[in-house]
Amino acid sequence: MALKVTVVGVGMVGEQIVSILRERDFPMEWPPRICATRARSETLAGEGFKVEETGEEAFDGAEVVFFAGKEGGKGASVQWGEKAVKAGAICVDNGGDFRMDPTVPLVVPEVNLDAVTPDKSFIASPNCSTIQMVLVLNAIHQVTRIRRVVVSTYQSVSGWGVQAEQELLNQIPHALKSLDDIPFDPMVFASPIAFNLFPHIDKFTEDGYTKEEMKMVWETQKIMGDDTIKISPTTVRVAVMVGHGESINIETERKLTAAEAREILSNAPGVVVIDEPNTNSPRPDPLERTYPVPLDVRKPEYRDMVLVGRIREDPTIGNGLNLWCVADNLRKGAALNVVQIAEGLIERGRLNP
Ligand SMILES: NC(=O)c1ccc[n+]([C@@H]2O[C@H](COP(=O)([O-])OP(=O)(O)OC[C@H]3O[C@@H](n4cnc5c(N)ncnc54)[C@H](OP(=O)(O)O)[C@@H]3O)[C@@H](O)[C@H]2O)c1
């Protein structure tokens, strides 16, 4: 029997969920039930769907519900999560409302699918910037404990949602003529984003950090089950459409050479290392190396992976490494992770198609 699936939210992440369910031949009845704030017809991933206004009946008979709505009191999983669980579904939520709830497992399946014990039916998926970092950190942490991480992110506009992508597209024609007085909607970003970047993602906290930065700290510690790992983050929005980059400095308990780190990461699930002499470079630099960039996540072989490069030893501390990683924030950072969680639960017999 194929699983009955409901997807709540048809924005950037909801569309990717639909596309990934199709691509991966998820064992389900097609089409999934699709819900949003209001009923209409929508084309998602090239296919036409009837979208329903979300109501209790959206969860009748559903075995899996993927939430990809907005966050907060009026958001999808706050409004409907409990009702979906009561209706008997296993729910996987992309939003941030329940990630730090101690009763809710926060899961990156390559790292901690075990957190989904038989009594858990509501599962949270981490923030996009956390997911890609955790895949890298966990591989190293299995070999030698990580003491401290300093991370700076370079996050694409699609991480904010569909309105932010439109905001960048709308600003580009103006910015091509003049970089002065670029029109912008301050409810989306606090500054123009075209040809720009700014160290401001999500709301500020009283100590001067932003919520996005604190998500990287708390979520990483929760997923890795170690709240002694120190994490010092700065999150930056950049004028890229899709694909987040992260520069990560890692201090480990035992020294790892760059070659050892390359070997560990080459064998890590979900990770691809792109870090070798660039023999194809037209530039006269015999030491030039390859490295991943956000446009790489458009390539079919890379779109579901966390790409890692620039792996170097940090000579300024005893046991330090520097590296760079890139992933598709809409796929591994959101939609793919939730589908992989459901696939993991099928493998473990918790969901029975
Ligand atoms: N974008 C990313 O890279 C990323 C990464 C990780 C996690 N997330 C999380 O994933 C979720 C979706 O993000 P997104 O970027 O896809 O957002 P988005 O493009 O703004 O789309 C949000 C969708 O949710 C629907 N929605 C909002 N409130 C709802 C409610 N109360 N009930 C039912 N549907 C509701 C909206 O319906 P209408 O279309 O009818 O307005 C819309 O279809 C958010 O929680 C976000 O934080 C996003």
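In strand 14 (residues 306–314), the bridge partner of V273 is V308, and this pair belongs to the three bridges through which strand 13 (residues 271–273) and strand 14 are joined in the parallel sense. Strands here are DSSP runs of E of at least two residues, and helices are runs of H or I of at least four residues, both numbered from the N terminus; two strands pair if DSSP finds at least two bridges between them. The model is a predicted one, in which local features need pLDDT of at least 70 and side-chain atom pairs count only at pLDDT 80 or more, whereas totals for chains, interfaces and linings use all residues. Residues are numbered from 1 along each chain as its sequence is written, and side-chain values use heavy atoms, with hydrogens and water left out.

On from the V273 pairing, strand 14 and strand 15 (residues 320–327) are antiparallel and share six bridges, with N322 in strand 15 serving as the bridge partner of R312. A hairpin of five residues connects strand 14 to strand 15. Strand 15 is also joined to strand 12 (residues 244–252) by eight bridges, again in the antiparallel sense, and in this pairing S247 stands opposite W324 of strand 15. These pairings belong to an open sheet of six strands, ordered 10-8-12-15-14-13 and mixed in its pairing. Strand 10 (230–234) and strand 13 stand at the edges with a single partner strand each, so one side of each is left without a neighbour in the sheet. From one strand to the next, the twist averages 25°, where angles run from 0 to 180 degrees between N-to-C directions and axes are lines fitted to C-alpha atoms, for helices over the stretch in contact.

Within strand 12, G245 is buried, its relative accessible area being 1%; on this scale, buried means under 20% relative accessible area, exposed over 50% and partly exposed in between, with a 1.4 Å probe and protein chains only. Apart from neighbours within four places in sequence, G245 is in contact (heavy atoms within 4.5 Å) with Q132, S152, T153, Y154, W324, C325 and V326. G245 and D328, although 83 residues apart in sequence, lie 9.2 Å apart in space, C-alpha to C-alpha. In contrast to G245, D181 counts as exposed because its relative accessibility is 72%, and D181 is placed in the loop between helix 5 (162–177) and strand 9 (197–198). The C-alpha atoms of D181 and E15 are 33 Å apart in space, the two residues being 166 apart in sequence.

Two helices were examined against the six-stranded sheet. Helix 4 (residues 128–141) lies across strand 8 (146–154), strand 10, strand 12, strand 13, strand 14 and strand 15, and runs at about 35° to strand 12. Helix 6 (residues 211–224) lies across strand 8, strand 10 and strand 12, running at about 155° to strand 10.

A further open sheet contains seven strands in the order 3-4-2-1-5-6-7, with mixed pairing. Its edge strands are strand 3 (40–44) and strand 7 (122–124), each of which pairs on one side only, and the twist averages 30° from one strand to the next. Strand 1 (residues 5–8) and strand 2 (residues 33–36) run parallel and are joined by three bridges, V8 standing opposite C35 in strand 2. Helix 1 (residues 12–23) lies across strand 1, strand 2, strand 3, strand 4 (47–53) and strand 5 (64–67), at about 155° to strand 1, whereas helix 2 (residues 76–86) lies across strand 1, strand 5, strand 6 (90–93) and strand 7, at about 170° to strand 5.

Helix 8 (residues 331–347) and helix 1 have axes that come within 9 Å and cross at roughly 50°, which makes helix 1 oblique to helix 8; angles under 35 degrees count as roughly parallel, over 145 as roughly antiparallel, 65 to 115 as roughly perpendicular and the rest as oblique. The residues of this contact between helix 1 and helix 8 divide into nine nonpolar, one polar and two charged, with Ala, Val, Leu, Ile, Met, Phe, Trp, Tyr, Cys and Pro taken as nonpolar, Asp, Glu, Lys and Arg as charged, and the others, Gly among them, as polar. The axes of helix 4 and helix 8 come within 8 Å and cross at roughly 85°, an angle that makes helix 4 roughly perpendicular to helix 8. This contact is formed by C128, I131 and L135 of helix 4 with K332, G333, A334 and N337 of helix 8.
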